[in-house]
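Here are some exercises to work through with the model open beside you. Try each task before you read its solution.

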Amino acid sequence: MAEGHVRDAQSTDADEIGRIQSSTWQQAYRRQLPAEALDAMTAEAAAEGWRAAITHPPDAAHHVFVALEASTTDTTRVGFAAIAAPAEDEEEASDAVEIVALLVEPRWGRRGHGSRLLSAAVEGARADGASSMICWVLAGDRATEGFLRSAGWERDGWRRTFDAGEREIAQHRMSTDISHLPRGATSA
């Protein structure tokens, strides 16, 4: 029987994290993102960015977690999450932390890895003194929105767009209060 767990990412995880991000984006976002944006998200380019984020975090609130599935014969990296301080231009409480990535490779979905990653992200944010969390979700990404909603997150009315070459991509922000959660809980 396989067992899942989450740990802090190490530099040796970066190549697999990059591969997971690239392959998951190719599958999950091919309708939302332009082809050139997906083409630019190579496993190598993503791995380079994640290696830097793991070994030289941009801020004290930045943490990367990796989800693993272990059997008696093998351990496989199946997903990852990253948290950081929100962008300075956002009107957000100074004690908020942003989920900047939370991905589980689709073939490993529905095994609890996303919930374990979210729990690790919440625990990391709380350890850094955060009382709330935010996450920007691509418009039309029903899977991510549904997952966050199931954990007690809600849209908070903020929207933004970014230029993706041939079109603008819309995102909405979801948030949750984590100040009252007991240790190990993920939902509000």
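The expected span of a helix is 1.5 Å times one less than its number of residues. Helices (H or I, at least four residues) and strands (E, at least two) are DSSP runs, numbered from the N terminus. A word on ground rules: this is a predicted model, so local features need pLDDT of at least 70 and side-chain atom pairs count only at pLDDT 80 or more, while totals for chains, interfaces and linings use all residues. Residues are numbered from 1 along each chain as its sequence is written, and side-chain values use heavy atoms, with hydrogens and water left out.

**Exercise 1. Check the lengths of helices H1 and H4 against the expected span.**

Step 1. Start with H1, residues 14-28: its 15 residues should span 21 Å at 1.5 Å a residue, and the end C-alpha atoms sit 20 Å apart, which agrees.

Step 2. Now H4: this helix also has 15 residues, and from first C-alpha to last it reaches 21 Å, close to the expected 21 Å.

Step 3. Look just past the end of H4, where Gly129 takes a positive phi of about 90°.

**Exercise 2. Lay out the overall fold: how many helices and strands are there, and in what pattern?**

Step 1. Count the elements: there are 5 helices and 7 strands.

Step 2. Walk along the sequence and you get β-α-α-α-β-β-β-α-β-α-β-β.

Step 3. Check burial (buried is under 20% relative accessible area, exposed over 50%, partly exposed in between, with a 1.4 Å probe and protein chains only). Of the 188 residues, 45% count as buried.

Step 4. Turn to contacts (heavy atoms within 4.5 Å). Among those between residues at least 6 apart in sequence, 65% join residues at least 24 apart.

**Exercise 3. Find which parts of H1 and H4 are covered, and what they pack against.**

Step 1. In H1, the buried residues are Ala14, Ile17, Gly18, Ile20, Gln21, Ser22 and Thr24. They pack against H3, E2, E3 and E4.

Step 2. H4 is mostly covered, with 11 of its 15 residues buried; among them are His113, Leu117, Leu118, Val122 and Ala125.

Step 3. The buried residues of H4 pack against strand E1 (3-8), E2, E3, E4, E5 and helix H5 (142-150).

Step 4. For contrast, pick Ala45 in helix H3. Ala45 is partly exposed, with a relative accessible area of 41%. From Ser22, Ala45 is 23 residues away in sequence and 9.0 Å away in space, C-alpha to C-alpha.

**Exercise 4. Trace the nonpolar cores: which element gives the largest share of the largest one?**

Step 1. Pin down the term: a nonpolar core is a set of buried Ala, Val, Leu, Ile, Met, Phe, Trp, Tyr and Cys residues joined through side-chain atoms within 4.5 Å.

Step 2. The largest core has 23 residues, and those touching the most other members are Ile83, Ile99, Leu118, Ala125, Met133, Leu148 and Trp153.

Step 3. At least two residues each come from strand E2 (63-70), E3, strand E4 (96-104), helix H4 (113-127) and strand E5 (132-138). H4 gives the largest share, 6 residues.

Step 4. Zoom in on Ala125: beyond its neighbours within four places in sequence, this residue contacts Ile83, Val97, Ala130, Met133 and Ile178.

Step 5. Don't miss the second, separate core, which has 19 residues, including Ala9, Ala46, Ala82 and Ile169.

**Exercise 5. Work out how strand E7 is paired and whether E7 is enclosed or open.**

Step 1. Two strands pair if DSSP finds at least two bridges between them. E6 (residues 154-163) and E7 (residues 168-177) pair antiparallel over 7 bridges.

Step 2. Find some partners: Arg160 bridges to Gln171 in E7, and Thr161 stands opposite Ala170.

Step 3. The hairpin of E6 and E7 has 4 residues between the strands, with Gly165 at a positive phi near 85°.

Step 4. E5 joins E7 too, antiparallel and through 7 bridges. Trp136 stands opposite Arg173 in E7.

Step 5. As 7 of the 10 residues of E7 are buried, this strand is largely enclosed by the rest of the structure.

**Exercise 6. Find the aromatic pair and describe its geometry.**

Step 1. Set the rule: rings of Phe, Tyr and Trp (its six-membered ring) pair if their centres lie within 6.5 Å; planes under 30 degrees apart count as stacked, over 60 as edge-to-face and the rest as tilted.

Step 2. A search of the whole structure gives 1 pair. Trp50 and Phe80 meet edge-to-face, 5.0 Å centre to centre with 70° between the planes.

Step 3. Trp50 lies in helix H3 (residues 43-55) and Phe80 in strand E3 (residues 75-84), so the pair ties together parts 30 residues apart in sequence. Both Trp50 and Phe80 are buried.
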